Amino acid sequence: MYIEKFEREIMNLIISKREGDYWDFKQMHHKDKGDLLHDIICMSNNRADRDGYIIFGVEDETFNIVGITQDENRKNQQQMIDFLKDKKFVSGIRPTIEMKTLEVQNKEIDILIIKNTTDTPYYLVDNFQSIKANHIYTRIGDTNTPKNRSADINHIEYLWKKRFLLNRPPLQQIENKLQYKEEWKEEDSTYYNIYNPEFKICIIDEEEYYERNKPEFYAYSKREINFPQKPPGVQNLDVFVKFTIRYIDS
């Protein structure tokens, strides 16, 4: 099912007869390693917030499918991974890639998938050929950032926000922060995040809360008892997530 969906997606991109924010066509695999690295970095920093595709075996002007069977520069997935392995990326974090081959119109095409992550921006700390250290490259529409310059500041800002989930809804942000126990401090049965104090976890005994706040006996017939959106006494809580904690008395 996944392969069929993926193949339909790639075919729709070819049929569109254009390139875009997250896909690029190449008639053949790169001869120049600098060009290959530049394309991978730009795709890994794309602003579509999704996987990027470099599609080999499709002409980038006519969009005819020519295949790559006879391409002497053709690389498989392991060769692509090995190529990235010794490049000096900041913090040693490299783009995650996957290579897939599809048969279309009796011809093979390769699709290099650059995975969407929150490790952006990807950039080098050492020069590699014409790729500049500490330059942040991205892709806007069908155009990569030139090798001799960094992306515009608004695009760089977006990539840093993506890393820290600042462009995500608050609930996704707090779910991510729950992975890091050391970021949470306790005070009066409330845990708050030391980097985002507006994110708080309040420990409430549900039975005790119910006894304190249960309705009068005459309201029982058709009334449904639920927690309020915010518990009493909690101020300035932008995100409220309810967890049920069960204790087992040994």
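Glutamate 183 is buried and yet takes part in no salt bridge; lysine 177, the nearest side chain of opposite charge, is 4.0 Å away. The model in which this residue is seen is a predicted one. Glutamate 183 sits in the loop that runs between α5 (170-177) and β7 (184-187). Its side chain does have a polar partner, since a polar contact of 3.1 Å joins it to the side chain of asparagine 193. When neighbours within four places in sequence are set aside, the residues in contact with glutamate 183 are Lys177, Tyr192, Asn193, Ile194 and Tyr195. Lysine 177 and asparagine 193 thus both appear among these contacts.

Confidence in the model varies along the chain. The mean pLDDT is 87, and 81% of the residues reach 70 or more. Over residues 219-228, however, the pLDDT is below 50, and this stretch has twelve contacts in the model beyond near neighbours in sequence. Residues 230-239 likewise stay under 50, and for them the model has 15 contacts beyond four places in sequence.

Helix α2 offers a second point of entry. The helix comprises twelve residues, 33-44, which at 1.5 Å a residue should span 16 Å; the C-alpha atoms at its ends are 16 Å apart, in agreement with that expectation. At the N-terminal end of α2, aspartate 32 acts as a cap, with a side-chain oxygen 2.8 Å from the backbone nitrogen of glycine 34.

How much of α2 is buried? Ten of its twelve residues are, and the helix is therefore largely enclosed by the rest of the structure. The buried residues are Gly34, Leu36, Leu37, His38, Asp39, Ile40, Ile41, Cys42, Met43 and Ser44. The elements that cover them include the strands β1 (23-26), β2 (52-56), β4 (107-114), β5 (139-140) and β6 (143-144), together with the helix α3 (77-85). Asp39, one of the buried residues of α2, also belongs to a network of salt bridges that links it with Asp24, Lys26 and Arg139.

Side chains of opposite charge can pair when their charged atoms come close. The structure holds 15 salt bridges. One of them is formed by lysine 162 and aspartate 49, whose closest N and O atoms are 3.3 Å apart. This pair links distant parts of the chain, for lysine 162 lies in helix α4 (residues 153-163) and aspartate 49 in the loop between α2 and β2, 113 residues apart. Lysine 162 is buried, with a relative accessible area of 1%, whereas aspartate 49 counts as partly exposed at 27%.

A further salt bridge joins arginine 74 to glutamate 108, with 3.1 Å between the closest N and O atoms. Arginine 74 lies in the loop between β2 and α3 and glutamate 108 in strand β4, so this pair ties together parts that are 34 residues apart in sequence. Arginine 74 is partly exposed at 28% relative accessibility, and glutamate 108 is partly exposed with a relative accessible area of 30%.

Within helix α4 itself, glutamate 157 and lysine 161 are four residues apart, about one turn of the helix. They form a salt bridge in which the closest N and O atoms are 3.3 Å apart. Glutamate 157 counts as partly exposed at 42% relative accessibility, and lysine 161 is partly exposed with a relative accessible area of 35%.

Definitions and conventions. Residues are numbered from 1 along each chain as its sequence is written. This is a predicted model: local features need pLDDT of at least 70, side-chain atom pairs count only at pLDDT 80 or more; totals for chains, interfaces and linings use all residues. Side-chain values use heavy atoms; hydrogens and water are left out. Helices (H or I, at least four residues) and strands (E, at least two) are DSSP runs, numbered from the N terminus. Buried means under 20% relative accessible area, exposed over 50%, partly exposed in between (1.4 Å probe, protein chains only). Lys and Arg count as positive and Asp and Glu as negative; His and the chain ends are not counted. A polar contact is a pair of N or O atoms within 3.5 Å; within protein, one must be able to donate a hydrogen and the other to accept it, and residues adjacent in sequence count only if both atoms are side-chain atoms. Contact means heavy atoms within 4.5 Å. The expected span of a helix is 1.5 Å times one less than its number of residues. pLDDT is the predictor's confidence in each residue, from 0 to 100.
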